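Thanks for making the time, everyone. I would like to walk through one structure with you this morning, going from the contact between the chains down to a few individual residues.

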Amino acid sequence: MTALLDPTVDEPTRQASLASKPAGHGWSGPNWLAGLAGWFWLAVVLVPLYWIVITSFKAQSDYYQQNAFAPSSNPTLDNYRLVLQNDFLHYFVNSVVVAVGTTVPTILLALMAGFAIVRGARSRLLKRIHSLFLLGLAIPLQAAIIPIYLVIIKLGLYDSLAAIAIPSIAFAIPLAVLVLTNFLRDVPRDLFESMRLDGANEWTMLWRLAFPLTRPALVTVAVYTGVTVWNGFLLPLILTQSPDRRTMPLAVWSFQGQFQVNVPAVLASVVLSTVPILALYTIGRRQLVSGLSEGFGK
Amino acid sequence: MTTDAPPAARPRSNPRGERAGQHGPVLWMALPALAVFLCFAVLPLIGVFALSFTRWDGLGPIHLAGIGNWRSVFSDSDLLHSLWVTFEVMLYSWLVQTPISILLGVFMASQHRYRAVLAVFYFIPLLLSAAAIAVTFKALLDPNFGLGPGLHSSLLTQNWLGEPALAMGVIIFIVSWQFIPFHSLIYQGAVRQIPQALYEAAALDGAGRMRTFLSITLPQLKYTIITSSTLMVVGSLTFFDLIFVLTAGGPGDSTRVLALDMYRRGFGANQMGPASVIAVILVIVGLAIALGLRRLGGDADESQLEGI
């Protein structure tokens, strides 16, 4: 790794390094264009986020008068108070219930399925099931929403939180199975064999071996599923009706209709609805970013 | 998130465990996931095809309607219009996102010190819900109370969501804002896997930066470009929440993509039959594009698909 730090090192030493850009003969210093683009885009990403946060602390009257990009000179929590007074916590709990009610069953079912697919690799039926899950990645939720609506009505689940969670599980399973299967394949067969010789059955192997070993992948899947469901809009929009059942995205949307020109209050609801996700992201970030970017970039 | 195995996971000594290593006993473990997946994803997909031949108002009984829905949807210029708008969103968002994502990906791959920091912030837009993003930009772009009047800038004080061309531009911008970071992360992962020796050979041959980029980086990224483009293009078919909250398809019908057209017919006008026709078209268009892009990748892309 010292080769990385020393710009005068010769070519052969560099070959082992992970650096993708050697300072070789054809290069003329750092890549300014790409560098500029990288930091410029960071600004593009951050400016709206910055605006959301500072504006959510402004009094409505200040919002119209002050410089839009300056933090308020007399910050206030009134907007947050207003949002909380409008049943925000109720919607928040709805979202938590739906997110947990989707994520936990998804990872349990997908772990079992992935385990079966990897352990039963010689079974033709399991191979078929695996390909079916892979095809499932291509099913757009919108296209299936009308029959889902029909099924949910027939089951008597319309306008309940379960109506959101159950289809969410079905649509989260393909990616979860894919990630977990890829992960389980890397577990050395010898580990399973030695457990089997010790008299363990498949069910024990699943929980005592596969479950702890796949924990990083489970975190990735859980965070990804959790974020997707937390932000889901279509299922709650179609499958629920009463304000009692609102989840975060629907709540933010209805706040905009309710607060109208009170932009700071609307933005306070945006902030409050995003904070849990940011917390989750902070927990699972390392695995999520590397899992997704390396998984896709192969 | 469960971190502990449920009580059922207690190890049990099983005298017949020796035979359990065969594939038979594990099959049932795949069944619960399969059942949920079949009932709420696969069957609905088949069901929507069936429903496209029926008449149903969303509440009452379902009647067979033959090919009536298909005939009426295809004879109506709305379909062509939403197909066109969908195509525009797809094309423009691809054209804007791809070059910027590649450029950013290459940059991030070469920045060891800042890569981690950039990745943290680049990921944040992906975490916000489309509804929250749409609500935010709607406020930000408001011609009376938004950013333009706030900064006293007449250039920024446009009727952003009231003019068809501007509204389309706003949608493309927001989509790029949200998804470019994700795609640039994909690209940076791929750039880091390009064999170092290729760059050294190019440097020995005296190739400049541009030349190296065009003849080494870009061709090496071929499969990644296909993967990322598939995600972008197929993903753009499903921009529903963002457009629904931002413009609701307006002004007029200028941003009414297929998914919105489906919603409008089905849950707005209570005509589930014609809405199902649109849903089937949505599936067919998505599949056609995904398969077409896959063909572009040639036969060697099996490993690529495994990576997805």
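Let me begin where the two chains meet, where 108 residues of chain B are in contact with 98 residues of chain A. Please keep in mind throughout that this is a predicted model. On the side of chain B that touches chain A, the largest share comes from H1(B), which supplies 15 residues. If we sort the residues on that side of chain B by character, we find 74 nonpolar, 28 polar and six charged.

Since H1(B) contributes that largest share, let us look at one of its partners. Two packed helices are described by the angle between their axes and the distance between the axes. Here, the axis of helix H9 of chain A, residues 161–185, and that of helix H1 of chain B, residues 27–51, come within 8 Å and cross at roughly 120 degrees. Because of that angle, H9(A) is described as oblique to H1(B), and the crossing of these helices is left-handed. Which residues make the contact? From H9(A) they are A:Ile166, A:Pro167, A:Ile169, A:Ala170, A:Phe171, A:Ile173 and A:Val177, while H1(B) brings B:Ala33, B:Val36, B:Phe37, B:Phe40 and B:Ala41. The residues of this contact divide into 12 nonpolar, with no polar and no charged residues.

Turning to chain B as a whole, its secondary structure comes to 15 helices and two strands. Of the 308 residues in chain B, 43% are buried. Among contacts in chain B with a separation of 6 or more, 69% are between residues 24 or more positions apart.

Next, a helix in chain A, namely H14(A), which covers residues 248–259. At 1.5 Å a residue, its 12 residues should span 16 Å, and the end C-alpha atoms are 16 Å apart, so the expected and modelled values agree. Is this helix buried or exposed? Nine of its 12 residues are buried, and therefore H14(A) is largely enclosed by the rest of the structure. The buried residues are A:Met248, A:Pro249, A:Leu250, A:Ala251, A:Val252, A:Trp253, A:Phe255, A:Gln256 and A:Phe259. Just after H14(A) comes A:Gln260, which takes a positive phi of about 50 degrees.

That brings me to other residues with a positive phi. A:Asp87, which is not a glycine, has a phi near 65 degrees, and its place is in the loop between helix H5 (78–85) and helix H6 (88–119) of chain A. A:Asp87 counts as partly exposed because it has 14 C-beta neighbours inside 10 Å. In chain B, B:Ala248 has a positive phi of about 55 degrees, although it is not a glycine either, and it is found in the loop between helix H12 (241–246) and helix H13 (258–268). With 14 C-beta neighbours inside 10 Å, B:Ala248 counts as partly exposed.

Finally, B:Gln158, which lies in the loop between helix H7 (147–151) and helix H8 (164–191) of chain B. B:Gln158 is partly exposed, with 16 other C-beta atoms within 10 Å. What does B:Gln158 touch, leaving aside residues up to four places away in sequence? Its contacts are B:Pro143, B:Gly148 and B:Leu166. The C-alpha atoms of B:Gln158 and B:Asn144 are separated by 9.3 Å, the two residues being 14 residues apart along the chain.

Definitions and conventions: Residues numbered from 1 in each chain as written. Chains lettered and ligands numbered in written order. Predicted model: local features only at pLDDT ≥ 70, side-chain atom pairs only at ≥ 80, totals over all residues. Axes fitted to C-alpha atoms, helices over the stretch in contact; angles between N-to-C directions. Helix = DSSP H or I, 4+ residues; strand = E, 2+ residues; numbered from the N terminus. Parallel < 35°, antiparallel > 145°, perpendicular 65-115°, else oblique. Left-handed = near helix turned anticlockwise from the far one by under 90°. Contact = placed C-beta atoms within 7 Å. Nonpolar A, V, L, I, M, F, W, Y, C, P; charged D, E, K, R; others polar. Expected span 1.5 Å × (residues − 1). Buried ≥ 20, exposed ≤ 12 C-beta atoms within 10 Å, placed from the backbone.
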